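Biologist: Could you take me through one part of this model up close? I'd like to hear what surrounds it, and then how it fits into the rest.

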Amino acid sequence: MADIHQTTLPNGLRVVLCPDDSVPLVAMSMLYDVGSRVEEAGSSGFAHLFEHMMFQGSRHVEKGELMRRVHALGGHANGSTSRERTNFYMSLPSHELGLGLWMEADRLRSLALSTENLENQRQTVLEERLQRVDSTPYGEAHVKINELSYTQFAYAHPVIGYREDIASAGLDDIQAFHEAWYRPENVVLAIVGDVEIERTLDQAHELFAGLPRGESRPLLQLSEPRRMQTSVHRVRDGLAHMPALFVNHQAVPYGDPDFFVYEVIETLLFRGPSSRLIRRMVIEESTAVQVTGGYEAHRGPSLFSLFAVLPEDGEPAALAEVYQLELERLVAEPVGEQELEKVCNQLRANRLFGREALLGRATSLSRSVLYHNDALWEQRYLERIARVTAADIQRVAARDFDPDGRVILEVVTA
Amino acid sequence: MMTFPSSPPDASRPKPWVFPSTVVRTLSNGVQVAVVRMPALPIVTVRWCFLSGRLHEVPDKTGTGFLLQRLLRHGTADFNSSDLARHLDRRGIRLGTQVSVDSAVVSVSALREYLGEAIHIANDVAFKPLLPESALAVERIRALQLHQQATSQVEAMANLWMSHSLYGDHPYGRPVTTRAGLKNASIDDLRALHAQICDPSRSMLIVVGDVEPDEVVDVLARRVSGLKAAPSCAAWSPPPAPTCQPQVLLVERPGAEQVAMGVGALTMPRSHPDFLALRTVNHILGGGASSRLFTELRERQGLTYGVYSQLDCGLWGGDLTASMSVAPDKVGRAIGALSAQMERMGTGDVAPAELDAATDYLVGSFPQRASGLAGVSSLSMAAWLHQLPVSVWRDYQATLQAITMDDVEAAARRWLSPDRLCWVAAGSPEVLDKYLPEFQTLGGPVQRVEMASLVD
């Protein structure tokens, strides 16, 4: 097991370090506990827009300077926003870790928010939306299936936001967002790589501890009523050449004891050429061209999803029934020992290959602390996967894959 | 309360890093094996690399290579298709097959305990594939469906048209699949292409990971004994060097929400002495988020979400291209901004600070590129494929640091002068019409084509 050091600064900022000196590099994930789920109607897309604003300069770092400095060292820096969190990640030669920490601290405490920067990034985000949603086959359908799957705005709306909300975001809104969410107690800083523990903890203290803790906020309480009736919807997509199918079931959130059962079911159905759905739908019966999906876990309401692209003459409704039959098979037939062992080995290999990438490990570590409050969560993952039994799978499938609890979206071509 | 420092903490002393050493052995049957020991994690990657690829496709059967790439996973002498899939998944083994224009690869990644299995599978997939006719029928249908899906992606199609515009009928200009080619390819075509590509005399086995060279040789002796290095198929000649004339290609896609735009020029093979200087030029132009294109077109003007350039060099030629997607109302400004940046670079206008920053990035990022099994095995393959010196990766950072202002200015002027540029814009016919006067200023004849015609 890797050596992990964790500390919490007096202002609540959590720091987690995992040394690995196999190459003289470090990766850093600065994970903010703010994602699109905190947005309200009318302010969709703010978390993501704000991620862009974080690259527009701060008191001691000019606009563009962060990237220039990181690139000049051969490093890499970027950000990403999801429903749950905003992640700023960076890789650097290990001897320059102090620079990375200093730049992260500077933009947390003194971001340069200006009308000009906002306008510029608004245009960039609108272009991003045009490219990823409006110009992409099935892009609008991906937005639609989420809107249909949740009753609450928090998870129902797209992370990138609605065009009109992005267009109307004002500088005051953005400043208020920064004050509310970009607070030390709302951050997990994880560093993996060739890191000197004492020196790095000293630097983290020097750079971050002076920031005052923000005002306490009530915890987000998000839940969904249990779906009692299947709803079937149909949309037309002028960009798509082939029909497609989305099917969503409600699923358990992070922290639920059945989380690991879902991980096993996902691999069993979707991962690898011998997985049940790929084998049946794509290889043997050719009823789908592409099948993806699996467990979309959140800290709030979560989903188990299918997305399939069908042949031109494919029938989405028929494929939805095949999918439901495969889910019911999980209830009717206990999964054999060999198949369970196969899933464990697949997950073990994935985990080991995943450990090659320092950035991935840093993000995984910060997520473990933010979502599970457990820096060792990732290390215990395989042990918990190995405890999942065929009976667990039957129980969870019987409880959660109710044929009357589905949201189905059929996409037809124009 | 502590005062926040106005400058970053002092850096500590940089630590040395060297590319892991490669041991090359030649087996008694003539097959070359390169082993790179990287023991940090108990995993290995095995690659059979071949110095041949889709080049050998019959022109009206474009897509044979793609079908071969897929059929290679449909079983070997030891396993039928389903058994192979189960066998791999049960051990967490990943199998990859790739048939490019000038090379092909069978790669297997596995936990260290399955090293013997990984070598055995890579060998059987490469040299003893079943290539069953029944699987071709299934894969053909699937390939046609994927082909259909791909033709709806405007950006991807704009890239294909860019290659076609630069290379014409040269193999590098061909799409991976055409509808007609996929329909025409027979199992005999696939088997002939396989024989042409998977020729042991034009191959190398690369093993990277938690292994010792002697152990690999031992496994090979036990599992790959029947392999012969003698040529097994007819000799062939490489294609002539590609040539192109400047032109502006307007690709019509009714209903497109954005316009995908690109500009490019033919460059050189990877082994050309100008390669690293032009790679530096590419980084300055559009190699990342601090490049000229990104900072000017995205960060300053907000014209696009992403704009990058890339240098792609193969065995017989190469190209440098830049591309982006923009909203219809920004097309005019985007043409002006992209054209101004290309024109500036074409004159060799590079500041010393830009050269320093690009060199620092390329030098500093190399340990990252070479820190994983996939990266090291891909670099090892490139060295073999392009016949680069054995020490190429050990010397790589020093070679980059030796590049001068004269080198980059000369490379930029030589390869990116305005009279070498081809332009492509894919979008709705109405938008292309609206900006026709702007497109006409770009140099070279303007031609209009229908988007799918290249891949029908």
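**A helix and its cover**

Modeller: Let's start with what packs over α10 of chain B: the cover on its buried residues includes α4 (115–134) of chain A, along with α9 (275–286), β9 (307–313), β10 (318–326) and α11 (331–346) of chain B. Keep in mind that this is a predicted model. The helix itself runs over residues 292–300, and its buried residues are B:Arg292, B:Leu293, B:Phe294, B:Leu297, B:Arg298 and B:Glu299. So which residue takes a positive phi just after α10(B)? That's B:Gly302, with a phi of about 60°.

Since chain A has a hand in that cover, the interface is the natural next stop. Across it, 62 residues of chain B are in contact with 60 residues of chain A. On the chain B side, α10 shows up again: along with α2 (81–90), β5 (104–111), α4 (133–150), α12 (352–364) and α13 (366–369), α10 supplies at least two residues. The largest share there comes from α4(B), with 7 residues. Sorted by class, that side of chain B has 29 nonpolar, 22 polar and 11 charged residues. As for the predictor's own scores, the complex gets an ipTM of 0.86 and a pTM of 0.91, while chain B averages a pLDDT of 93, with 97% of its residues scoring at least 70.

Now step back to chain B as a whole. You'll find 18 helices and 12 strands in it. With 456 residues, a compact globule would have a radius of gyration near 23 Å, and the 24 Å of chain B agrees with that. Its C-alpha trace spans about 65 × 65 × 50 Å along the principal axes. Buried residues make up 52% of chain B. Take the contacts in chain B between residues at least 6 apart in sequence, and 83% of them join residues at least 24 apart.

A nice case of residues far apart in sequence is B:Arg420, which sits in the loop between α16 (405–416) and β11 (422–427) of chain B. Its C-alpha atom is 7.4 Å from that of B:Leu266, although their positions lie 154 residues apart along the chain. Setting aside neighbours within four places in sequence, B:Arg420 is in contact with B:Pro246, B:Ala265, B:Leu266 and B:Trp415. Why does B:Arg420 count as partly exposed? Because there are 19 other C-beta atoms within 10 Å, and a residue needs 20 or more to be called buried.

β11 itself, the strand after that loop, covers 422–427, and that brings us to the nonpolar core. The largest core has 139 residues, and the members touching the most others are A:Ala362, B:Val251, B:Val424 and B:Ala426. Helix α5 (residues 154–167) of chain B gives the most to this core, with 8 residues. Have a look around B:Ala426: leaving out residues up to four places away in sequence, B:Ala426 touches B:Val154, B:Met157, B:Ala158, B:Trp161, B:Val251, B:Arg253, B:Ala256, B:Val259, B:Ala260 and B:Met451. There's also a second, separate core of 69 residues, with B:Met38, B:Val99, B:Leu115 and B:Val376 among them.

That leaves the partner. Chain A has 16 helices and 11 strands. Its radius of gyration is 22 Å, close to the 22 Å that the globule rule gives for 414 residues, so chain A is as compact as a globular protein of that length. The C-alpha atoms of chain A fill a box of roughly 60 × 50 × 40 Å along the principal axes, and 51% of its residues count as buried. Among contacts in chain A with a separation of 6 or more, residues 24 or more positions apart account for 81%.

Chain A is divided into domain 1 (5–208) and domain 2 (231–413), so by these bounds α4(A), at 115–134, falls in domain 1. The centres of the two domains, taken over C-alpha atoms, are 28 Å apart. Where they meet, 34 residues of domain 1 are in contact with 28 residues of domain 2. Elements giving two or more residues to the domain 1 side include β2 (14–19), β3 (25–32), β5 (86–93) and α5 (139–149) of chain A. The most comes from α5(A), with 6 residues. By class, the domain 1 side divides into 19 nonpolar, 7 polar and 8 charged residues.

Key: Residues numbered from 1 in each chain as written. Chains lettered and ligands numbered in written order. Predicted model: local features only at pLDDT ≥ 70, side-chain atom pairs only at ≥ 80, totals over all residues. Domains from an automatic or database assignment. Contact = placed C-beta atoms within 7 Å. Helix = DSSP H or I, 4+ residues; strand = E, 2+ residues; numbered from the N terminus. Nonpolar A, V, L, I, M, F, W, Y, C, P; charged D, E, K, R; others polar. Buried ≥ 20, exposed ≤ 12 C-beta atoms within 10 Å, placed from the backbone. pLDDT = per-residue confidence, 0-100. Rg over C-alpha atoms; globule rule 2.2 N^0.38 Å. Core = buried A, V, L, I, M, F, W, Y, C linked by C-beta atoms within 7 Å.
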